[in-house]
Amino acid sequence: ISALRNIRGEMNLPPSRPLILQLQHASDNDRRLAQAFKPWLQKLGRVESVWIVPEGVPVADAASALLGDLKLLVPLGDLIDRDAERKRLGRELEKVGVDLQRATAKLANPNFVERAPAAVVEKERARAVELRQALEKLSEQMAKVAAL
């Protein structure tokens, strides 16, 4: 469920939209668990159906998550507008980049670091770390969308 929710969040898929879940490299135990927990996958993950992908069959145009050797795949098909998603991610990347530049410039300014209260400086450092992480995550999402 968490992996499905992560895929939804990364690909900006609405929670109300039912998904098709494909399992690749599923062991016998994975198959048994998928069948046993199918009602929860359908209810909590808004999964329409669960399919086992035969070994050696390639799956194109899908978002994925790994759980050990098991690969969860969500075929995107018409779930997202790739061009709109690229534009949205581009705008977010730009905004976070500008915010990171501001935070970095503040921290590079000796007057700010020396004169501002220690708590304020530390808060700005923490913000810069968060912005770097957000930039990295957005870049990964952009790469995923670009690869589709």
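This report walks through a few features of a predicted model, starting inside and working outward.

## The nonpolar core

Let's begin in the middle. In general, nonpolar side chains of soluble globular proteins tend to be buried together. Here, the largest nonpolar core has 30 residues. Met 11, Leu 21 and Leu 23 have the most contacts inside that core. Quite a few elements chip in: α1, β1, β2, β3, β4, α4 and α6 each supply at least two of the core's residues. Helix α4 gives the largest share, five residues.

Leu 21 is a handy place to look around. Setting aside neighbours within four places in sequence, Leu 21 touches Leu 4, Leu 41, Val 47, Ser 49, Val 50, Trp 51, Leu 72 and Leu 73.

## Gln 24 in strand β1

Strand β1 covers residues 19-24, and Gln 24 is found in this strand. Is Gln 24 buried or exposed? Its relative accessibility is 12%, so Gln 24 counts as buried, the cut-off being under 20%.

Who keeps Gln 24 company? Leaving out neighbours within four places in sequence, Gln 24 is in contact with Val 53, Val 57, Val 59, Asp 69, Leu 70, Lys 71 and Leu 73.

## Helix α6

Now for helix α6, which runs over residues 118-147. With 30 residues at 1.5 Å a residue, α6 should span 44 Å, and its end C-alpha atoms are indeed 44 Å apart, so the two values agree.

Which residues of α6 are buried? They are Val 121, Glu 124, Ala 128, Leu 131, Leu 138, Gln 141 and Val 145. An α-helix has 3.6 residues a turn, so residues three or four places apart point the same way. The buried residues of α6 pack against α1 (2-11), α4 (82-108) and α5 (110-115).

## Helix α4 and its exposed Ala 108

Helix α4 is also home to Ala 108. Unlike the buried residues just listed for α6, Ala 108 is exposed, with a relative accessible area of 58%. Want a feel for distance along the chain? Ala 108 and Leu 93 are 15 residues apart in sequence, and their C-alpha atoms are 22 Å apart in space.

## A nonpolar patch outside

Finally, the surface. Ile 1, Leu 33, Phe 37, Trp 40 and Leu 44 make a nonpolar surface patch of about 450 Å².

One of these residues, Trp 40, lies in helix α3, residues 38-44. Trp 40 has a relative accessible area of 49%, so it is partly exposed, as exposed means over 50%.

How values were computed: Residues are numbered from 1 along each chain as its sequence is written. This is a predicted model: local features need pLDDT of at least 70, side-chain atom pairs count only at pLDDT 80 or more; totals for chains, interfaces and linings use all residues. Side-chain values use heavy atoms; hydrogens and water are left out. Helices (H or I, at least four residues) and strands (E, at least two) are DSSP runs, numbered from the N terminus. The expected span of a helix is 1.5 Å times one less than its number of residues. Buried means under 20% relative accessible area, exposed over 50%, partly exposed in between (1.4 Å probe, protein chains only). Contact means heavy atoms within 4.5 Å. Patches are made of residues with over 30% relative accessible area and no salt bridge: like charges are joined within 9 Å, nonpolar side chains (Val, Leu, Ile, Met, Phe, Trp, Tyr) within 5 Å. Accessible areas come from the Shrake-Rupley method with a 1.4 Å probe; for residues, only the protein chains shown count as cover. A salt bridge is a side-chain nitrogen of Lys or Arg within 4 Å of a carboxyl oxygen of Asp or Glu. A nonpolar core is a set of buried Ala, Val, Leu, Ile, Met, Phe, Trp, Tyr and Cys residues joined through side-chain atoms within 4.5 Å.
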